[in-house]
Structures are given as C-alpha cells and as structure tokens.
Amino acid sequence: MYIGVDLGGTNIAAGVVDEAGKILAEGSVPTGAERPYQEIIKDMADLCKEITKKAGLEISDIRAIGIGSPGTIDNENGVVVYSNNIKMEHAPIAAELQKYINVPVNMENDANAAAMGEYVVNGGDVDSFIFITLGTGVGGGIVLNKKIYRGFNCAGAELGHITLIHNGQPCTCGNNGCWEAYASVTALIRQTKEAIEKNPDSLMAKLAEKEGKVSGRTAFDAAKQGDAAAQAVVDQYIEYVADGLLSIVNIFQPEKLVIGGGISKEGDYLLNPIREYIKKYDYNKYMPRVDISIATLFNDAGIIGAALAAKQ
C-alpha cells in the first residue's frame, strides 16, 4: 500500500492506493497556502494518518508516500526548489514529513504525478506517453520507457512554457508568449471577457451575467447554443491548444497523448477539432499516428500518480 498526496493551492488531497492504482480511502484538508510550509506539512501528516486509519491499516502497512507539488522539484532530495502557487523556496518537504511519519517519501512535480496516474490507467503498455492538463495554467508530464521524464535537473517537461507567439501575452512565469498564456483556462476566461466587451448583446454575455462571472464554460456553453461570437472564441481557443500540442507531437511523436484539466470535460467538442488539426498539420504523414484522448481520472490523477511514482 502507498499514499499519494496532491498538494494544491486550495486543498491537500490524499489517498491510500494499492499497487494497481486503486484508491482505498481518501480525504482532504484546506492547504492554507499562505502559511509556512512546516504548518502545511503537519496538516499533511495528520491527513495521511487519518486516511490510513480509514482504510483499516497501520502506518507500518504503507511502503512509501508520494507527494505531487506545484513548482520546480528536486526529486532526488525531496525539496520544493521554488513554487509560485504555494509560496515555497528550497523547502525540504520530504524530510519535514518524515518527522511525523517514518516511511520513504518521494516528491514529484504535480503535473508529472498526474501524468503517471493517467499513464497507469490509460497508457496501457506504451513506452511513450504525454499528459497535458489545461487548468489555471498548462501543465505537462512525459512518461518515456515507462518512467517519468524529469530532465537531468528535475526541471524538465514544463510544456506550458514553450513559446507559442513571440513577444505575445505575458505569462506568470515572467516570459511573454508562452503556450500557457493562450491555452490555459485562465487565458480562455480572458479571451471570453474580451469578446463579451465587443459583443455585449451576445448570448455569451447574457450567460456570464446570469452566472455572475465568466468561467471556462461560458464560451463553450453559448457556442453550443448557436452564439456566433462564442463560437469564434471557442474556435480560436481550440486552435491555440492544438497548435501547442502539434509542437509537442512533432518533437516526441508519443504513442499516446492524453488531455486533462477542467476544460477536458468538454469531451468530443474539444477533442475532435484537435484531432483534425493534428492530422492536418502533423509533420508525420506516413508513419503510425499519435493516439489522442481525454483523461479519465480528473482529480484522482494526482493522488494515484504520486503514489505509484513513489512505488517506482
């Protein structure tokens, strides 16, 4: 048995996971991201003990704990080198957790952990697998030869920060024109707001007013009801997503590529035009093509992947 922890900006989610990737018990607590990391890890330790008891187990039954955290992770030493979402710098998370629970602890970037979770469930026996998550930012994880690819310095696979448009929109990383600045849900909300300003009488504008906010669903919901202005937003957004994916496909030519994150729940409405775009512009026209699909684990991906990366 293993424990997987998904350390998020809002909540710490954790689960007891068996070797097949099945969650036996899970729970969550608020992160309180503004607090010192020591306080966050104390709550994490208490949560791990709680779910272990909930699963009818003892801590001695747990072989390892895996933590998926945002930021740049020193995997070998269990340190969050830098995280912007949860303010941490050179934080020795693994060692801090081991003050409370004396089992091996493995740290992964949260997108890498989610990639491992989706790989175990959706990857089958393929040797090359890429997971992209479209959320507040654009995260990515790469599995090569059945192992997480981290780069020589554990800072690899930051796929959201490939340059899509030179000197384009500012990105939270400090650069301009990153794929994340165009393909994240945050970017979609910005694009939707800009379109509403230009089309105040559109159904999209009315839906936003009714909901009291603009969300990642606003343009998609209005487009499905025939709103031309919303459809233009959706078409442009999907092209941004597909264009970034095309670069990733051309570089890696993975056997499988899986798209996750909140916006992936749009299903075929998102997936089919992406597949068509890749098919049309993929450099590879003559060899077997990448299999592109939608994630299935959603919020459980980080928990399962963190646990199984710890096993690995």
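Counting salt bridges in this predicted model gives a total of 9. One of them joins the side chains of Glu-108 and Arg-150, with 2.6 Å from N to O. Glu-108 belongs to strand β8, while Arg-150 sits in the loop between β11 and α4, so this pair ties together parts that lie 42 residues apart in sequence. Glu-108 is a buried partner, because its relative accessibility is just 1%, and buried here means under 20%.

Another pair, Lys-256 and Asp-291, meets in a salt bridge at 3.9 Å, N to O. Here too, distant parts of the chain get linked: Lys-256 comes from strand β12 and Asp-291 from strand β13 (residues 291-294), with the two positions 35 residues apart in the numbering. Lys-256 is buried, at a relative accessible area of 15%, whereas Asp-291 comes out as partly exposed at 37%. Then there is Arg-35 with Asp-43, whose side chains form a salt bridge at 2.9 Å, N to O. Arg-35 is partly exposed, with 22% relative accessibility, and Asp-43 is partly exposed as well, with 25%.

On to the enclosed spaces. The model holds 2 cavities of 30 Å³ or more. The largest cavity has about 50 Å³ of space. Its lining is made up of Gly-71, Thr-72, Ile-73, Asn-109, Asn-112, Gly-140, Cys-154, Ala-155, Gly-156, Ala-157 and Glu-158. Sorted by class, that lining has 6 polar residues, 4 nonpolar ones and 1 charged.

The second largest cavity has about 40 Å³, and this is where the Glu-108 and Arg-150 pair turns up again: both residues are in its lining, along with Ile-73, Asn-75, Met-107, Asn-109, Asn-112 and Cys-154. Strand β8 (residues 105-109) makes the largest contribution to this lining, namely 3 residues. The class split for the second largest cavity is 3 nonpolar, 3 polar and 2 charged. Some residues serve both cavities, including Ile-73, Asn-109, Asn-112 and Cys-154.

As for open spaces, the second largest pocket takes in about 170 Å³. Helix α5 (185-198) and helix α8 (228-252) each put at least two residues into its lining, and α5 gives the most, with 5. Among the lining residues are Arg-190, Gln-191, Glu-194, Ala-195 and Lys-198, as well as Val-233, Gln-236 and Tyr-240; Gln-169 and Tyr-182 complete the set. That makes for a mixed wall of 4 nonpolar, 3 polar and 3 charged residues.

On the surface, Leu-144, Tyr-149, Ile-251 and Phe-252 make a nonpolar patch of about 360 Å². Tyr-149 is found in the loop between β11 (147-148) and α4 (180-183), the loop that also holds Arg-150. Tyr-149 counts as partly exposed, since its relative accessibility is 37%.

Ser-264 is also a loop residue, placed between β12 (256-260) and α9 (268-281). Unlike the partly exposed Tyr-149, Ser-264 is buried, with a relative accessible area of 1%. From Ser-264 to Ile-148 the C-alpha to C-alpha distance is 22 Å, with the two residues 116 apart in sequence.

Technical notes. Residues are numbered from 1 along each chain as its sequence is written. This is a predicted model: local features need pLDDT of at least 70, side-chain atom pairs count only at pLDDT 80 or more; totals for chains, interfaces and linings use all residues. Side-chain values use heavy atoms; hydrogens and water are left out. On a 1 Å grid over the protein atoms alone, a cavity is a set of points where a 1.4 Å probe fits but cannot get out, and a pocket is an open set with protein on both sides within 12 Å along at least five of seven lines; lining residues have an atom within 4 Å of a point. Grid points are joined across faces, edges and corners, and a volume is the space filled by probe spheres set on the points. Helices (H or I, at least four residues) and strands (E, at least two) are DSSP runs, numbered from the N terminus. Ala, Val, Leu, Ile, Met, Phe, Trp, Tyr, Cys and Pro count as nonpolar, Asp, Glu, Lys and Arg as charged, and the others, Gly among them, as polar. Patches are made of residues with over 30% relative accessible area and no salt bridge: like charges are joined within 9 Å, nonpolar side chains (Val, Leu, Ile, Met, Phe, Trp, Tyr) within 5 Å. Accessible areas come from the Shrake-Rupley method with a 1.4 Å probe; for residues, only the protein chains shown count as cover. A salt bridge is a side-chain nitrogen of Lys or Arg within 4 Å of a carboxyl oxygen of Asp or Glu. Buried means under 20% relative accessible area, exposed over 50%, partly exposed in between (1.4 Å probe, protein chains only).
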